[in-house]
Number of protein chains: 2
Amino acid sequence: MTDSNPNASLTAPSIPGDALPPVEQHAQQYATVRNAHETELIEDYVELIGDLLAHRGEARAADIANRMAVSQATVSKMIRRLNELELVTSKPYRSLFLTEAGQKMAETSRARHDIVLHFLRALGVRDATARIDAEGMEHHVSDETLAIMQRFTEQRQN
Amino acid sequence: MTDSNPNASLTAPSIPGDALPPVEQHAQQYATVRNAHETELIEDYVELIGDLLAHRGEARAADIANRMAVSQATVSKMIRRLNELELVTSKPYRSLFLTEAGQKMAETSRARHDIVLHFLRALGVRDATARIDAEGMEHHVSDETLAIMQRFTEQRQN
DNA sequence: CAATATTGTTAGCCAAGGCTAAACTGTTTG
DNA sequence: CAAACAGTTTAGCCTTGGCTAACAATATTG
Ligand SMILES: [Mn+2]
Ligand SMILES: [Mn+2]
Ligand SMILES: [Mn+2]
Ligand SMILES: [Mn+2]
């Protein structure tokens, strides 16, 4: 469907910047963002569990709660979801582990996260800022942009 | 609070990539993202309403629903929220308008969105991809990074 | 100008992701 | 080895942001 008010050009003030994108393309932008937001928290949990396993040998709910600054109850509920999605295995009161699918997601997320982080640093952003920005940006960066970021970073480093 | 398992170094496998950031810094990353997600949809609505007013002279709920690919009921409910936040004024069955605060937010969001979009294009990302990525990234880019993106874009264009 | 089409609102539903408080389990230690 | 502590789970609450279906108001048009 198209916008209402067909004779808008009569009432619109002077052309302010870029024109609006076509409705379908515009809608796609928002839909893609909504989509990313459905998976991003899952990805962050799985990525963090993978990091804890790699660096600490175990991933406890309490550690996740501390690192995410979230209550233990919130983590516990999320772990149940991760279990249902078959991304982690867990026995009550024991460390978490990643399933095959979980490990794959952790690696992918970690790789993407690192590319964004290193790119921001290569751009000249301070480390602490780069870390904060990367945590949010990573979920909204397409493969195309990711590839460009990676090339950019490599060239700056050589 | 600190992580559990004090003798983790005994069980951890070989150092995989970067170390984990300190707990407080790590927690700050996630907290900042959660914070951005609280305001991001509001910003997109206000930004879109501002764009519709600028380009079309009016902002109707139906247009918003089409452009966001969301039901009219969802838009109607959101407009009530924007009203409560005193970002828009609305009379039933009439176009929306932005309050002073709404206009300010629209301008800020639009400016930030444009900087990210132009930066991505300057990097070499295709326009359609850049638009999609910018829609999500914009809410997770710090002022520091934004300034660096803007400088980068300007230099590529000169 | 009445009928129809479009637009807007309301009600009621749902899932996600937060929280606190309370109960339960496992571990450490006096 | 009992008590205290640390970690985990459960229950119940809340807000946000989606949806559909039904209804209400306005605009268009035969
Ligand atoms: Mn991440
Ligand atoms: Mn993240
Ligand atoms: Mn986001
Ligand atoms: Mn946006």
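In the predicted model, G57(A) adopts a positive phi of about 85° directly after helix α2(A). The helix that precedes this glycine comprises 34 residues, 23–56 of chain A. At 1.5 Å a residue, a helix of this length should span 50 Å, and the C-alpha atoms at its ends are 49 Å apart, so the expected and computed values agree. Along its course, α2(A) bends by about 35°, and the bend is located at T39(A).

Helix α2(A) belongs to a chain with seven helices and two strands. Read from the N terminus, the elements of chain A follow the order α-α-α-α-β-β-α-α-α. Of the 158 residues in chain A, 47% are buried.

Helix α2 of chain A also takes part in metal binding. The manganese ion (ligand 1) is coordinated at 2.0 to 2.7 Å by E47(A) through OE, by H113(A) through ND1, and by E138(A) through two OE entries. Along the chain, these donors are spaced as E-x65-H-x24-E. E47(A) is situated in helix α2 of chain A, whereas E138(A) is in the loop between α6 (127–137) and α7 (143–157) of that chain; the pair therefore ties together parts that are 91 residues apart in sequence. E47(A) and E138(A) are both buried. E138(A) coordinates a further ion as well: the manganese ion (ligand 1) and the manganese ion (ligand 2) are separated by 3.4 Å, and this glutamate is a donor to both.

In chain B, the manganese ion (ligand 4) has protein donors at 1.8 to 2.5 Å. These are D44(B) (OD), E135(B) (O), E135(B) (OE), E138(B) (OE) and H139(B) (NE2). E135(B) thus contributes both its O atom and an OE atom. The donor residues have the sequence spacing D-x90-E-x2-E-H. Because D44(B) lies in helix α2 (residues 23–56) of chain B and E135(B) in helix α6 (residues 127–137) of chain B, the pair links parts that are 91 residues apart in sequence. Both D44(B) and E135(B) are buried.

Helix α6 of chain B also contains T129(B). This threonine has a relative accessible area of 10%, which is under the 20% limit, and T129(B) is therefore buried. The side chain of T129(B) forms a polar contact of 2.6 Å with the side chain of E144(A).

The protein also contacts two DNA strands. Around DNA strand D there are 21 residues, of which A62(A), Q72(A), T74(B), K77(B) and R81(B) come nearest. Among the atoms of DNA strand D within 4 Å of the protein, 62% are from sugar or phosphate, and the rest are from bases. Several side chains approach the phosphates of this strand. An N or O atom in the side chain of T74(B) is 2.8 Å from a phosphate oxygen of DNA strand D. For R60(A), the corresponding distance to a phosphate oxygen of DNA strand D is 3.1 Å, and for a polar side-chain atom of S76(A) the distance is 3.3 Å.

Both chains contribute to the surface near DNA strand D: α3 (61–68) and α4 (72–84) of chain A, and α4 (72–84) of chain B, each supply at least two residues. The largest share, five residues, is provided by α4(B). By class, this surface near DNA strand D consists of ten nonpolar, five polar and six charged residues.

DNA strand C is likewise surrounded by 21 residues, and those that come nearest are T74(A), K77(A), R81(A), A62(B) and Q72(B). Sugar or phosphate accounts for 66% of the atoms of DNA strand C within 4 Å of the protein, with bases making up the rest. A polar side-chain atom of T74(A) is positioned 2.8 Å from a phosphate oxygen of DNA strand C. From chain B, polar side-chain atoms of R60(B) and R80(B) also approach phosphate oxygens of DNA strand C, at 3.1 Å for R60(B) and at 3.4 Å for R80(B). The elements that give two or more residues to the surface near DNA strand C are α4 of chain A, together with α3 (61–68) and α4 of chain B. Here α4(A) gives the most, with five residues. The residues of the surface near DNA strand C comprise ten nonpolar, five polar and six charged.

Notes
Residues are numbered from 1 along each chain as its sequence is written. Chains are lettered from A and ligands numbered from 1 in the order in which they are written. This is a predicted model: local features need pLDDT of at least 70, side-chain atom pairs count only at pLDDT 80 or more; totals for chains, interfaces and linings use all residues. Side-chain values use heavy atoms; hydrogens and water are left out. A residue is near a molecule or strand if one of its heavy atoms lies within 4 Å of it. A polar contact is a pair of N or O atoms within 3.5 Å; within protein, one must be able to donate a hydrogen and the other to accept it, and residues adjacent in sequence count only if both atoms are side-chain atoms. Helices (H or I, at least four residues) and strands (E, at least two) are DSSP runs, numbered from the N terminus. Ala, Val, Leu, Ile, Met, Phe, Trp, Tyr, Cys and Pro count as nonpolar, Asp, Glu, Lys and Arg as charged, and the others, Gly among them, as polar. The expected span of a helix is 1.5 Å times one less than its number of residues. The bend at a residue is the angle between axes fitted to the seven residues ending there and the seven starting there. Donors are N, O and S atoms within 2.8 Å of the metal (3.2 Å for Na, K and Ca); water is not among the atoms, so sites may look incomplete. Buried means under 20% relative accessible area, exposed over 50%, partly exposed in between (1.4 Å probe, protein chains only).
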